[in-house]
Amino acid sequence: MADNGMISVEEARARILSFFRRLPAERKPLLQALGQVVAEDIIAPFDIPPLDNSGMDGYALHAADTVGATAESPVRLRVTANLAAGYVHTEPVGPGEAVRIMTGAPVPPGADAVVPFEETDEVLRGPGERPNAGDTVQIFKAAKPGANVRGRAGDISAGSTVIPAGRVIRPSEVGVLASIGAADVSVYRRPVVAVLSTGDEVTAPGEALLPGRIYDANSQAIAAMVLKAGGIPRVLGIAKDTVEDLTVKIRSGLDADMIVTSAGVSRGDFDVVKDVLAREGQIDFWTVRMRPGKPVAFGAFTAPDGRTVPHLGLPGNPVSSMVSFELFGRAALAIMLGRNDWERPTIRATVRQRVVNTDPRRFYGRCFVTRGEDGRWYADLTGPQGSNILTSMSAANGLTVIPETVEVVEAGGEIDVMMLDWEHAP
Ligand code: AMP
Ligand code: MG
């Protein structure tokens with residue numbers, strides 16, 4: 001397990017994730033369910049298309065009538081109707097007859113092919129000049145049986161599973177659901193995540209900044225990460241380092257599905273955070289073999305209604321807290337959402353300058369990855385790597401994953417990079 005009492009990222013993550021279950025399902029209108037996971041198999045109630053229909057604007061006819069037709073010696077057919085999409089023509093098409101038909105309109109009985117306008121004398125007519133029933137049309141090309149007819153159930157058969165439970169709703173799933181007439185869908189609920197900053201020095205953006213104080217970057221950054229991970233952030237504000245204030249603020253978040261706090265979890269910390277967390281619930285304080293973000297706390301509070309509310313205590317430094325949330329919080333949210341695809345894609349990239357791993361912890365260095373002209377990926381550190389330097393996080397699109405056992409990667413060496421802006425590994 002541990003050296004110097006430290007645990008690996010994997011162990012910390014496994015311990016945290018074992019606490020989480022997916023949330024109950026809820027019914028939501030299609031658009032609002034985007035990004036959520038379908039909670040039940042979706043079964044098609046009918047065929048799509050429900051009837052054989054035309055794939056082109058043209059003439060529905062008997063293919064046999066068109067045998068030998070060319071532009072030089074066209075076949076002339078009698079037009080018996082003009083059929084728009086959305087209307088059903090029940091009268092059979094007889095030999096020597098044709099029905100003018102629009103894309104999507106059901107092919108009338110008797111007809112077994114559609115000849116597009118381009119292969120008829122329709123193209124010779126002026127704009128707006130349509131044939132009336134009783135007029136004739138000349139066919140310039142022979143049609144094979146079935147030509148331009150889209151068969152019933154060609155997309156979906158009644159009774160088949162169009163979307164299996166567990167699938168994430170993307171725009172194409174919204175489309176499929178709408179195509180079978182569904183207005184809403186059962187999906188696992190989005191987790192509500194209470195976000196709380198702690199520290200006497202921490203000031204809400206928008207307020208005046210007193211000497212020695214700093215603005216609260218963490219609440220906003222973590223809330224933004226919650227949103228991106230599919231959760232609903234509830235920003236609780238900032239708790240002073242007093243037992244009273246912290247207790248009140250934590251209790252105000254107990255209706256959430258998870259509470260995320262930042263700061264006050266370091267070893268030998270001055271803050272009262274640890275005491276209050278321990279008093280209000282159970283809490284473990286870990287040092288994780290990673291940089292940035294060594295100290296992490298994980299525990300649970302008990303809500304007034306008896307529910308257990310998991311609590312992730314992030315380090316105070318903004319980059320540490322973001323990287324820790326990236327590794328632990330985002331995965332926890334994914335599980336509550338019913339997703340299992342929370343791992344970010346990792347690529348192999350060449351470093352262009354020497355990278356030093358200053359201590360035996362895994363180095364999640366802020367880097368920017370580009371594709372070189374040789375088609376390979378290249379990674380450059382984005383600047384100073386102090387855990388308080390948020391701008392180098394902002395300049396990054398990835399995090400290096402340099403193992404705890406590697407002290408130096410020379411320029412030109414290859415490393416793994418976890419891509420932060422790519423949502424999920426395939
Ligand atoms: P702590 O874990 O409380 O010792 O905090 C570590 C460092 O993170 C200190 O420099 C804090 O001032 C800073 N810090 C704590 N909370 C925040 C926050 N919400 N936003 C920005 N920096 C913070
Ligand atoms: Mg503090």
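These legends go with a set of close-ups of a predicted model. Residues are numbered from 1 along each chain as its sequence is written, with chains lettered from A and ligands numbered from 1 in the order in which they are written. Because the model is predicted, local features need pLDDT of at least 70 and side-chain atom pairs count only at pLDDT 80 or more, while totals for chains, interfaces and linings use all residues; side-chain values use heavy atoms, with hydrogens and water left out.

**View 1. The shell around ligand 1 has 17 residues.**
Glu201, Asp216, Ala217, Gly316 and Asn317 are the closest of them (a residue is near a molecule or strand if one of its heavy atoms lies within 4 Å of it). Sorted by class, the shell holds six nonpolar, seven polar and four charged residues. Here Ala, Val, Leu, Ile, Met, Phe, Trp, Tyr, Cys and Pro count as nonpolar, Asp, Glu, Lys and Arg as charged, and the others, Gly among them, as polar.

**View 2. Polar neighbours of ligand 1, including Ser197 and Gly264.**
Ser197 puts a polar side-chain atom 3.4 Å from a nitrogen atom of the ligand, and an N or O atom in the side chain of Asn218 is also 3.4 Å from a ligand nitrogen atom. Gly264 joins in with its backbone: a polar atom there is 3.1 Å from an oxygen atom of ligand 1. (A polar contact is a pair of N or O atoms within 3.5 Å; within protein, one must be able to donate a hydrogen and the other to accept it, and residues adjacent in sequence count only if both atoms are side-chain atoms.) Taken alone, ligand 1 exposes 490 Å², and the protein buries 79% of that (Shrake-Rupley areas with a 1.4 Å probe; for residues, only the protein chains shown count as cover). Strand S13 (192-198), strand S15 (214-215) and helix H3 (217-228) are the elements that give two or more residues to the shell. Helices (H or I, at least four residues) and strands (E, at least two) are DSSP runs, numbered from the N terminus.

**View 3. Seven strands make an open, mixed sheet.**
The order is S1-S18-S20-S21-S17-S13-S16 (two strands pair if DSSP finds at least two bridges between them). Strand S1 (6-7) and strand S16 (232-239) sit at the edges, each pairing on one side only. Inside the sheet, S17 (residues 258-262) and S21 (residues 308-314) run parallel and are joined by four bridges. Look for Ser262 opposite Leu314 in S21.

**View 4. Arg366, a buried arginine in strand S25.**
Arg366 belongs to S25 (residues 366-371). Its relative accessibility is 0%, so Arg366 counts as buried (buried means under 20% relative accessible area, exposed over 50%, partly exposed in between, with a 1.4 Å probe and protein chains only). The Arg366 side chain reaches the backbone oxygen of Gln385 at 2.6 Å and makes a polar contact with the side chain of Ser392 at 2.8 Å.

**View 5. Helix H6 has a kink of about 45°.**
H6 covers residues 318-336, and the kink is centred on Phe325 (the bend at a residue is the angle between axes fitted to the seven residues ending there and the seven starting there). The helix is mostly covered, with 19 of its 19 residues buried. After H6 comes Gly338, with a positive phi near 85°.

**View 6. Strand S29 pairs with S22 and with S27.**
S22 (residues 346-351) and S29 (residues 414-419) run antiparallel and share five bridges. S27 (residues 398-401) pairs with S29 over four bridges, again in the antiparallel sense. Pick out Asp416 in S29: Arg348 stands opposite Asp416, and Asp416 is also the bridge partner of Val401.

**View 7. Side chains alternate along strand S9.**
In S9 (residues 136-139), Val137 and Ile139 point to one face and are buried, whereas Thr136 and Gln138 point to the other and are not. S6 (residues 75-83) runs antiparallel to S9, with four bridges between them. One of the residues to find here is Arg76, whose bridge partner in S9 is Gln138.

**View 8. Lys228 and Arg170, two residues with some exposure.**
Lys228 is in helix H3 and is exposed, at 62% relative accessible area. Lys228 and Arg330 are 102 residues apart in sequence, yet their C-alpha atoms are 8.9 Å apart. Arg170 sits in the loop between strand S11 (161-163) and helix H2 (171-179); at 46% relative accessible area, Arg170 is partly exposed.
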